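Colleague: I'm new to reading protein models. Could you walk me through one, feature by feature?

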Amino acid sequence: MKAGKNRLGIYHIYDKAGVIDEYILYLLNRITGHLKELYIVCNGEVNQDDLNRLKTITRNVMIRENIGFDAGGFKYALTEKIGWEKIKEYDELLLFNDSFFGPIDTFDEVFKRMDQKDVDFWTLTGSKGNAHSEAVIQSYFINIKKRLLKSKDFRQYWEDIPYFDSFTDVVRKYEMSFARYFESRGYTWEAFIHNEDYFFKEEGYGISPYHDLQYEIMAFQNYPVIKRKLLSLSANSHSYGIDRQGKEQTVQALKYIKDKKEYNTDLIWENILRCYSLREIQESCCLRQVLSGIGGEEYKEDKAAAFLILKDRKMNHENLKRLKNKNIHIVLISDSLNMLQEVDQKSFLSKEMHLAESALEAVKIIDNRLPEMEKKYKYCCFISDFYWEKGEIPYTVGASKLWEDWENIIGRDSYLNHVIKILEENQKCGLLVSPRPFHAHYFGERGESVRLEDIRCKRFVEKNGLEEYLSRSKRKAWWSNSFWTRTALLKEIFDGAKAYKEDGEFSWKYLDSFCEILPYWYQKKGYYTEVVCSDIFARNRFTLEESCMETMIAQFREIGEFHTYIELLQLLKIYYKNVNKIQEFRSSHNKIYIYGAGYKARVISHLHCLNGFECFLVSDGREKCNVLDNHPVKYLSQVQLEADDGIVLGLNKDNTYQVTEALKDMNVTNDTLQIDDGGMFDGVGVDFSI
């Protein structure tokens, strides 16, 4: 190891599969120049090949039971393996973990700037706190300087800290208390990036720099890393989902990293595709491309290929024009000889037309043609209209779906140039799919959960080990039965699957199900699936979705008032779980009070079935505001409760128990109603930022 400052580094790793991805080796090789010695502590097993790779960086690799999270790993290394006598030999200690990618450039600027700070410890991000919030660090990267490192306080802290059982406890009792613990004992600290730089006047709006400002601090403050979880953070996250922003910081950060080219973004995709939910990756990284149908450089490589499966019906004039695209070698498959003859008479340029009377025959044709296609064409697309339901009104539902697929896959003019450019410039993009339809009965398919038992091609799923990948997501990954891909990958799927030979009866619905699980096959192979659409389609879809969204929001307001998307989700969940008992409770009591003045109390107060409640109540002596959402907030002692008054408990689980016991002690015998929230408020306010 290259000798750096007299600094000891302890790096914590946890991977449930025991895999050490390349991003870890890259990071460690680029930070060792700032360390004199490095220890690696792994919670859980590590496969032997990867363990050997770690040992090429340092001989000091510890494998331990997976208990205590990263705080437990650091405690174990400090107190049980390295020992305090050895630690005294160093001037500084760096505690860091595997929760981030980097460095995007180098760590040089970080250590150069922070070495000059006259403080006892420092971190990459944190907040010194203000009148509205306490000081807090984010513990994924903490550097301890000499005075604190050699103190009895530091040793005692790690001797006393327990091996935590829950992630919430690690956040609350380690990360969120670390700075306050040592500040209270006279030690000082600083953050390379901290919230104060972004406060406006005395506003108490708390931010997390890497959650809310990832691009800002990376591009303009030399912040050298990006947290892994940002790239798989659910839009429904209470703390850092759509309630905060529209993903622009994450998307800009990814583009910034890619454009700078010092950091290979394949290291990012390799890890997050292996570890996280594909649907949440798609949402967090906004994997959607809107392409123009005109312009762009001419595609100079071999022509692309297109496999088209068309049923026996009249061909749309615009699609007939697309069949004349000189840049695509089209393999047309139909169950109708009349259609094949009609297309041929319209100067169809492709030399391949095949008659297939069943889904099985159509798939066999594709399977037989793929070996030659792979030799000639780097990319290929697939479009079919086998989903067209019998009995649909002509020129509407199925026709609209087919128009969307042709528009978004083959497009107009030089649309193909833009599609090919995406695949050329993004080597981890394996599948470009048409957006899921939004009209007619397709609307009801939105938001469907992943149900392994409903998948028809189970043998393919089991044979390829896709169960885990499917089960990670509550909602389906974006998919379509019309898509672009790399021809070699499509051939690999057919070579490895031969699904139509293994699963008995084959049908068009089976093929539809097969397309649905394709994104997960690509994910396991290390490729992501992105949605691609034309500018014309995007204009249509944006208009429709805006109209439908406004209509639904207006309907939801009949349940209660809300300001944000997350508040709406919470309100709906509470309403459907509690509406009957709230109405019954309300009708059997004279006055209604809501106990609590926190977030849960505020949300339930917006329910229309609680309109006209008297006020919010809080326990005597507790800090409180005077008014919350235009309702008074009073101490319990300020209210004269009558026997027929009722109290609705707007508290989380822990506070509900405490208040219930306190009311008994005060001989308050009024009926109380516990609002069932499914536990969604129990973790509110915790910054899960390790």
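Colleague: Let's start with one side chain: is Glu561 buried, partly exposed or exposed?

Modeller: First, keep in mind that this is a predicted model. To sort residues, you look at relative accessible area: under 20% is buried, over 50% is exposed, and anything in between is partly exposed. Glu561 has a relative accessible area of 38%, so Glu561 is partly exposed.

Colleague: And which side chain does Glu561 meet in a salt bridge?

Modeller: For a salt bridge, you look for a side-chain nitrogen of Lys or Arg within 4 Å of a carboxyl oxygen of Asp or Glu. Glu561 pairs with Arg557, at 3.5 Å from N to O. Arg557 is partly exposed too, with a relative accessible area of 34%.

Colleague: How many salt bridges does the structure hold?

Modeller: There are 39 salt bridges. One of them brings together the side chains of Asp115 and Arg7, 3.1 Å apart from N to O. That pair links distant parts of the chain, since Asp115 sits in helix α5 and Arg7 in strand β1, 108 residues apart. Arg7 counts as buried at 1% relative accessibility, whereas Asp115 is partly exposed at 31%.

Colleague: Which residues are linked with Asp115 and Arg7 in a network of salt bridges?

Modeller: Lys5 and Glu92 are linked with them in that network. For another salt bridge, try Asp91 and Lys146, whose side chains meet at 4.0 Å, N to O. Asp91 is in the loop between α4 and β4 while Lys146 is in helix α6, so this pair ties together parts 55 residues apart in sequence. Asp91 is partly exposed, with a relative accessible area of 27%, and Lys146 is partly exposed at 46%.

Colleague: Now helices. How far apart are the end C-alpha atoms of α3, and what span should its residues give?

Modeller: The trick is to allow 1.5 Å a residue and compare that with the model. Helix α3 has 14 residues, 69-82, and should span 20 Å; its end C-alpha atoms are 18 Å apart, which agrees.

Colleague: Where does α3 bend?

Modeller: Look at Tyr76, where α3 bends by about 30°. Then, just after the helix, Gly83 takes a positive phi of about 90°.

Colleague: How many residues of α3 are buried?

Modeller: It's mostly covered, with 10 of its 14 residues buried. Among them are Phe74, Tyr76, Leu78 and Ile82. Here's a handy rule for looking down any such element: an α-helix has 3.6 residues a turn, so residues three or four places apart point the same way.

Colleague: What about a strand? Why is β15 called largely enclosed?

Modeller: You count its buried residues: 6 of the 6 residues of β15, 379-384, are buried, so the rest of the structure largely encloses this strand. Check the faces as well: Tyr379, Cys381 and Ile383 are on one side, Cys380, Phe382 and Ser384 are on the other, and all are buried.

Colleague: Which strands does β15 pair with?

Modeller: You look for bridges and then for direction. Strand β12 runs parallel to β15, joined by 5 bridges, while β17 runs antiparallel to β15, joined by 4 bridges. Try finding Cys381 in the view: Ala306 stands opposite Cys381, and Trp484 is the bridge partner of Cys381 in β17.

Colleague: You mentioned a positive phi at a glycine. Which residues have one although they are not glycines?

Modeller: Asn222 has a positive phi of about 60°, and Cys286 has one of about 50°. Asn222 is in the loop between α10 and β10, and Cys286 is in the loop between α13 and β11. By relative accessible area, Asn222 is partly exposed at 43%, and Cys286 is partly exposed at 32%.

Colleague: Which residues are joined by a cis peptide bond?

Modeller: For that, you read omega. Gly102 and Pro103 are joined by a cis peptide bond, with omega about -5°. Pro103 is in the loop between β5 and α5.

Colleague: Last one: which residues make a nonpolar patch on the surface?

Modeller: Ile242, Tyr565 and Leu569 make a nonpolar surface patch of about 250 Å². Ile242 is in the loop between β10 and α11, and is partly exposed, with a relative accessible area of 46%.

Definitions and conventions:
Residues are numbered from 1 along each chain as its sequence is written. This is a predicted model: local features need pLDDT of at least 70, side-chain atom pairs count only at pLDDT 80 or more; totals for chains, interfaces and linings use all residues. Side-chain values use heavy atoms; hydrogens and water are left out. Helices (H or I, at least four residues) and strands (E, at least two) are DSSP runs, numbered from the N terminus. The expected span of a helix is 1.5 Å times one less than its number of residues. The bend at a residue is the angle between axes fitted to the seven residues ending there and the seven starting there. Buried means under 20% relative accessible area, exposed over 50%, partly exposed in between (1.4 Å probe, protein chains only). Patches are made of residues with over 30% relative accessible area and no salt bridge: like charges are joined within 9 Å, nonpolar side chains (Val, Leu, Ile, Met, Phe, Trp, Tyr) within 5 Å. Accessible areas come from the Shrake-Rupley method with a 1.4 Å probe; for residues, only the protein chains shown count as cover. Two strands pair if DSSP finds at least two bridges between them.
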